[in-house]
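User: I should like to learn how contacts, burial and enclosed space are read from a model. Please take one feature at a time.

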Amino acid sequence: AMSDDDDFAPSQGGSKLKSLFAGGSQGGDDSLSYTRPKEQVKQDKAASASAAAPGVQFAAGVHAYRLVDGSYQTQGKLGAAILGNSKEGKILLYGSDKKTLSTTTIYGAFAYTPAANNYASFYDDSRVGWSILFDNEQQAVTFAKQVGLARFNAAKAGELIVQDLAVGSGDAAVQSGDSVEVRYTGWLLKDGSFGKEFDSNANKDKSFRFKVGKGKVI
């Protein structure tokens, strides 16, 4: 028998969620496919006749909480998906019955705030506040990374985008002139997605040390 968690299994670009907002099934397991209302299809075609439909970049099951009258109320287990292409991105929250419960457009200044213990919060297109809890740190970090990429794709050319992936353990914020040690990874951008990794010290013995604001480069 299929468990509740199977309805929201973590997935990436080639997943069973790949037909979300792309219109129709593309084969494989369609248990989480999503069919757009006819009116939405018409609006999407009119707004972006030549643009590629946003594809699913990552999806996972989350415990969702909706902000109501100043306090978060549980909505149970939902699916959370990042959809995007080289120009736009969205966060979609959906139930196991394939019904969309929340849609959030990601733009350059969009605020997505990770919190301790694999939580994150944001406001959707209807200005409804949401807090979502991932099953583990890897899912939480991957989702936040995809949000940062979608913000970059939607931002103005040359704009610097900074996106927190996880909450730090330090008590004070880093200031100009402070000495820091970092682990980093760089990817090439390919069609609005993470492409080939070109540099990283994530698996090296020594981290990169520098003083903030002194112009030192890797």
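Analyst: Let us begin with contacts, defined as heavy atoms within 4.5 Å. Leaving aside neighbours within four places in sequence, Q73 is in contact with A64, Y65, R66 and V68. The model is predicted: local features need pLDDT of at least 70 and side-chain atom pairs pLDDT 80 or more, while totals for chains, interfaces and linings use all residues. Residues are numbered from 1 along each chain as its sequence is written, and side-chain values use heavy atoms, with hydrogens and water left out.

User: In which strand does Q73 lie, and how far in space is Q73 from S131?

Analyst: Strands (E, at least two residues) and helices (H or I, at least four) are DSSP runs numbered from the N terminus. Q73 lies in strand β3. Its C-alpha is 9.4 Å from that of S131, although the two are 58 residues apart in sequence.

User: Is S102 buried or exposed?

Analyst: Buried means under 20% relative accessible area, exposed over 50%, and partly exposed in between, with a 1.4 Å probe and protein chains only. S102 counts as buried because its relative accessibility is 4%. Q73, at 39%, is therefore partly exposed.

User: What surrounds S102?

Analyst: S102, found in strand β5 (residues 100–106), touches I91, L92, L93, D124 and W130, not counting residues up to four places away in sequence. The side chains of S102 and W130 also make a polar contact at 3.4 Å. Such a contact is a pair of N or O atoms within 3.5 Å; within protein, one must be able to donate a hydrogen and the other to accept it, and residues adjacent in sequence count only if both atoms are side-chain atoms.

User: How is empty space found, and what is the volume of the largest pocket?

Analyst: Rolling a probe the size of a water molecule over the atoms shows where empty space is left. On a 1 Å grid over the protein atoms alone, a cavity is a set of points where a 1.4 Å probe fits but cannot get out, whereas a pocket is an open set with protein on both sides within 12 Å along at least five of seven lines; lining residues have an atom within 4 Å of a point. The largest pocket has a volume of about 920 Å³. Its lining comprises 22 residues, with I161, Q163, L165, T185 and W187 nearest the centre.

User: Which element gives the largest share of the lining of the largest cavity?

Analyst: That element is α2, with 4 residues. The largest cavity holds about 60 Å³ of space.

How values were computed:
Points joined across faces, edges and corners; volume = space filled by probe spheres on them.
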